[in-house]
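Me: I have a structure open and want to get my bearings. Can we go through it together?
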Amino acid sequence: MAVAQNSDGQGKGGLGRVFVVALPYLWLVLFFVAPFFIIFKISLSDTAIALPPYTPVFEGFGAIQDFVSQLDIENYIFLTDDPLYVKAYLSSLRIAAISTMLLLLIGYPIALAMARASASIRPTLVMMVILPFWTSFLIRVYAWIGILKPDGLLTLLLQAVGLMGPEDQVQIFRTDTAVFIGIVYSYLPFMVLPLYAALEKMDNTLLEAANDLGCPPLKAFWRITFPLSLPGVIAGSMICFIPITGEFVIPDLLGGADTLMIGKTLWTEFFGNRDWPLASAVAVILLILLVIPIMIFQNQQKKVA
Amino acid sequence: MRSRLLSLAAFVASAVIAGSAVAQEKQVHVYNWSDYIDESILADFTKETGIKVVYDVFDSNDILETKLLAGGSGYDVVVPTGPFLARQIQAGVFQKLDKSKLPNLSNMWPQVTERLAKYDPGNQYAVNYMWGTTGIGYNVDKVKKALGDTPIDSWDVLFKPENAKKLKSCGINILDASDETFAIAMNYVGKNPDSKETKDLEAGGKVYSAIRPYAKTFNSSAYIDDLANGDVCITIGWSGDVLQAKNRAAEAKNGVNIEFVIPKEGTYMWFDNLAIPADAKNVDEAHAFINYLMKPEVIAKASNYVQYANGNLASQKFIDKEIMENPSVYPSEEVTKKLFTISPYGPKEQRVLNRVWTQLKTGS
């Protein structure tokens with residue numbers, strides 16, 4: 001029976017199946033591989049005062065040999081020569097790692113509480129996590145400026161409850177602390193939802209069994225709940241860590257002049273120095289750095305499947 | 001289901017018809033700095049000429065330049081500042097103006113047009129819109145509290161570390177426009193402000209690294225509000241921006257009293273100019289728009305609103321007295337002599353400049 005079905009499927013739906021499988025690959029080629037090669041190509045060229053501002057420009061296949069001979073890797077050599085870029089990459093990875101830890105610490109209890117809540121209110125809770133997305137991301141980050149700035153809402157609140165003198169002001173805005181607050185706030189749903197998905201489908205009879213066998217709740221958490229939620233932990237961490245590393249908007253709006261992140265460095269290269277080739281090289285290296293966590297993520301997904 | 005489909009089809013059809021109607025209407029796409037025109041001028045232009053203005057704004061030359069260099073920006077009139085204009089002309093971004101379509105050119109101020117020729121040799125590509133200076137904007141009461149009776153008329157107020165140290169607690173902002181800030185610092189230490197030598201740039205950089213520990217922010221747009229709210233008490237800033245901050249504070253009645261000063265050592269003089277991209281689609285309309293802006297009473301209206309000086313001599317009798325007589329907007333002959341302009345940076349020099357600047361900002 002199974003065999004018959006199989007051959008049947010191949011006979012009739014062969015083309016359809018190829019199409020269905022090809023579709024995501026086509027998507028990937030069109031929106032990832034092709035743009036990546038354009039960026040990569042620009043990263044091998046030189047800046048010029050021209051339109052577009054780099055040379056050589058790819059013009060037709062006839063000149064292909066000529067074109068290739070003009071490419072060089074000097075932009076990549078420059079990146080390793082100047083400590084600024086290494087510092088910016090490291091600083092971005094550090095900020096992303098700390099933020100992801102904070103997100104996990106805050107997101108896990110929220111997800112756990114949601115998963116343990118009675119089934120009737122769970123959809124409402126999930127809705128509440130998603131609700132902030134109905135407001136523009138940019139407006140929500142701007143709202144934090146209003147809260148954190150020296151004469152902002154936080155200062156007013158602390159002064160009102162008497163924790164702060166009338167002359168004192170909160171000095172958080174335009175520091176790394178403000179960047180962490182902004183990132184944790186913005187990315188929290190991306191951490192909570194995968195964790196919730198993992199925790200919700202957990203079999204609670206396992207915990208009952210542990211209880212029956214005399215295992216204290218905390219130990220049961222570490223030996224049963226946490227290991228079973230590990231796919232959610234990894235998914236949530238990757239979904240947060242990867243975009244945070246390249247984050248530009250939050251450090252630009254909330255961070256100080258000394259907040260060094262690769263997104264801001266890239267912006268300066270592109271807009272300030274008008275050096276598209278070097279900016280492209282910075283972007284290519286960022287991508288390579290992030291491929292490693294993405295591969296860990298993929299691996300984990302395969303194991304789960 | 002069918003009725004739904006029908007209404008969808010009707011909607012699509014009407015959208016297509018509307019779209020083609022728009023395409024036939026005369027229009028001009030203008031890309032100008034934010035807060036840089038009295039919007040009623042745009043309505044008046046449409047009323048007079050029947051040309052619809054699609055108006056869009058930016059807040060840094062870098063963004064404008066990136067759009068222009070990428071090509072196909074879709075704009076018909078843009079407003080780059082001097083050194084950017086010069087480089088963009090070199091890159092072939094603009095088309096030459098057809099002066100036969102610009103009879104109002106006769107209203108322009110030769111003194112400004114001549115200086116603009118440094119960026120646009122022969123004045124072939126651009127017409128001045130507004131010009132101004134980069135000076136010191138400060139909160140009168142807070143600075144007085146910090147520095148006592150020190151007169152605020154020199155870059156010393158900001159560039160001497162002992163002064164900057166005293167001003168730290170009330171907030172210092174440095175304008176995030178490296179080409180201008182370096183020119184000012186090089187002029188301050190007695191170098192040629194237009195120098196592109198690495199050692200001169202480094203000497204200029206030292207001025208800022210000495211006061212870096214006391215600087216609170218480096219920005220070029222948020223400082224208007226910061227100054228008006230009292231979050232920042234002294235800034236390197238553009239004349240019109242500081243005057244806007246002064247007005248905002250006066251409107252808010254928050255007791256913040258702001259002044260702008262052109263320091264006696266001299267400072268950078270900048271020009272924002274109207275130009276037409278080479279790939280503009282509505283070239284005739286663009287010329288009409290530029291010509292309209294050169295009408296004395298029109299550009300005077302713009303100056304009255306944005307509080308910047310313009311490059312139109314004939315307009316001066318229509319400009320509010322308080323603006324015409326304000327020496328920080330229309331400086332005296334003597335001060336004007338000390339104002340300097342700079343030529344554009346080449347790619348390698350730009351890299352050195354921005355590298356030093358990033359290092360300064362991040363403190364690394």
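Me: How many helices and strands are in chain A?
Reply: Chain A has 13 helices and two strands. Keep in mind that this is a predicted model.

Me: What radius of gyration does chain A have, set against a compact globule of 305 residues?
Reply: Chain A has 25 Å. A compact globule of 305 residues would be near 19 Å.

Me: And what box do its C-alpha atoms fill?
Reply: For chain A, roughly 80 × 75 × 35 Å, taken along the principal axes.

Me: Now chain B. How many helices and strands there?
Reply: Chain B has 17 helices and 10 strands. Its radius of gyration is 22 Å, and the globule rule gives 21 Å for 364 residues. The two values are close, so chain B is as compact as a globular protein of that length. Its C-alpha atoms fill a box of roughly 75 × 55 × 45 Å along the principal axes.

Me: Back to chain A. How far apart are the end C-alpha atoms of helix α4?
Reply: They are 49 Å apart. Helix α4 of chain A covers residues 83-116, which is 34 residues. At 1.5 Å a residue it should span 50 Å, so the two values agree.

Me: Where does α4(A) bend?
Reply: At A:G107, by about 30°. A proline, A:P109, follows within four residues.

Me: How many residues does each chain bring to the contact between them?
Reply: Chain A gives 22 residues and chain B gives 25. On the chain A side, α4 and α12 (262-272) each supply at least two. The largest share, four residues, comes from α12(A).

Me: What classes are the residues on that side of chain A?
Reply: There are 11 nonpolar, four polar and seven charged.

Me: New topic. At what angle do α9 and α17 of chain B pack?
Reply: About 85°, with their axes 10 Å apart. Angles of 65 to 115 degrees count as roughly perpendicular, so that is the word for α9(B) and α17(B).

Me: Which residues meet there?
Reply: B:S178, B:D179 and B:F182 in α9(B) meet B:L353, B:N354 and B:W357 in α17(B). By class, this contact has three nonpolar, two polar and one charged residues.

Conventions: Residues are numbered from 1 along each chain as its sequence is written. Chains are lettered from A and ligands numbered from 1 in the order in which they are written. This is a predicted model: local features need pLDDT of at least 70, side-chain atom pairs count only at pLDDT 80 or more; totals for chains, interfaces and linings use all residues. The expected span of a helix is 1.5 Å times one less than its number of residues. The bend at a residue is the angle between axes fitted to the seven residues ending there and the seven starting there. Axes are lines fitted to C-alpha atoms, for helices over the stretch in contact, and angles run from 0 to 180 degrees between N-to-C directions. Angles under 35 degrees count as roughly parallel, over 145 as roughly antiparallel, 65 to 115 as roughly perpendicular and the rest as oblique. Two residues are in contact if their C-beta atoms, placed from the backbone, lie within 7 Å. Ala, Val, Leu, Ile, Met, Phe, Trp, Tyr, Cys and Pro count as nonpolar, Asp, Glu, Lys and Arg as charged, and the others, Gly among them, as polar. The radius of gyration is taken over C-alpha atoms; the globule rule is 2.2 Å times the number of residues to the power 0.38.
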